[in-house]
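Here's a quick walk through one structure for anyone meeting it for the first time. Take a look at the model, and then we'll go over a pocket and a helix.

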Amino acid sequence: MSVEPHIDAVVFDLGGVLLEINFGSVFEAWSASSGVPVAAIQQRFRFDAAYERHERGEIDAPQYFAALRQSLRLDLSDAEFRRGWNQCVRGEIPGVAELVAQFGARLPLYVFSNTNAAHYTDWGPRYQDLLRPFRRLFLSYEMGLRKPEAHAFERIGSEIGVRLPNILFFDDTPENVRAASALGMQAVQVRSIEDLQSVLARVVSR
């Protein structure tokens, strides 16, 4: 959608917007540890109720890994599951740190990520420099809420003191963008870094 002229805060998704995510690397690691073919693991894996409960902090990593042990039919230890699980974050998207800095020179920045404690303890320390310009990280497992739940967006607006129509929101998932747009947010689907560059050019030219 077109970005409206009045913006008081910018909220970034993490995976797919700031950091590159590749679940294929997770399946490859679990395959190497278990001997089960990657294709079989990928076919069995689902973003199911246990996955969502883990992201809301309703269950911890060992409980989620126990659910995976059953659904994926993998005889892996918690440590093996965790090592593979943390392979999903592949690195900082090239050029994104410079764009974040340019946005941050003009507007307050925040992160809203559907994530879990196991992932955060891995990527949080590794990407401190990238995350430094952000005033706050809103993490689903701490909030007890996740995208695309309307109350999650409303909570963020309330806590940062900005009306939802005055928040610019970047996410790579169409469902999350639609949910944010339905609440009046200026939501932009990010398919590549060029989408961020295009919006930044319009913000700078205001």
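Sorted by class, the residues lining the largest pocket come out as follows.

| Class of lining residue | Number in the largest pocket |
|---|---|
| Nonpolar | nine residues |
| Polar | nine residues |
| Charged | 10 residues |

Keep in mind that this is a predicted model. The largest pocket holds about 650 Å³ of space. Its lining counts 28 residues, and the ones closest to the centre are Tyr51, Glu55, Asn114, Arg146 and Thr173. Who supplies the lining? Helices H3, H7 (117-126) and H11 (174-182) each give at least two residues, and H3 has the largest share, with three.

Now over to helix H1, which runs over residues 23-34. Does its length add up, and why? With 12 residues at 1.5 Å each, H1 should span 16 Å, and its end C-alpha atoms sit 17 Å apart, so the two agree.

Just at the start of H1, Asn22 has a side-chain oxygen within 2.9 Å of the backbone nitrogen of Gly24. At the other end, Gly35 follows H1 and has a positive phi, near 85°.

Which residues of H1 are buried? They are Phe23, Ser25, Val26, Phe27, Trp30 and Ser31. An α-helix has 3.6 residues a turn, so residues three or four places apart point the same way. The cover over the buried residues of H1 includes strands S2 (19-21) and S3 (89-92), along with helices H2 (38-44), H3 (49-55), H4 (61-71) and H5 (78-85). That puts H3 in both parts of this tour: it helps cover H1 and it helps line the largest pocket.

Technical notes:
Residues are numbered from 1 along each chain as its sequence is written. This is a predicted model: local features need pLDDT of at least 70, side-chain atom pairs count only at pLDDT 80 or more; totals for chains, interfaces and linings use all residues. Side-chain values use heavy atoms; hydrogens and water are left out. Helices (H or I, at least four residues) and strands (E, at least two) are DSSP runs, numbered from the N terminus. The expected span of a helix is 1.5 Å times one less than its number of residues. Buried means under 20% relative accessible area, exposed over 50%, partly exposed in between (1.4 Å probe, protein chains only). Contact means heavy atoms within 4.5 Å. A polar contact is a pair of N or O atoms within 3.5 Å; within protein, one must be able to donate a hydrogen and the other to accept it, and residues adjacent in sequence count only if both atoms are side-chain atoms. On a 1 Å grid over the protein atoms alone, a cavity is a set of points where a 1.4 Å probe fits but cannot get out, and a pocket is an open set with protein on both sides within 12 Å along at least five of seven lines; lining residues have an atom within 4 Å of a point. Grid points are joined across faces, edges and corners, and a volume is the space filled by probe spheres set on the points. Ala, Val, Leu, Ile, Met, Phe, Trp, Tyr, Cys and Pro count as nonpolar, Asp, Glu, Lys and Arg as charged, and the others, Gly among them, as polar.
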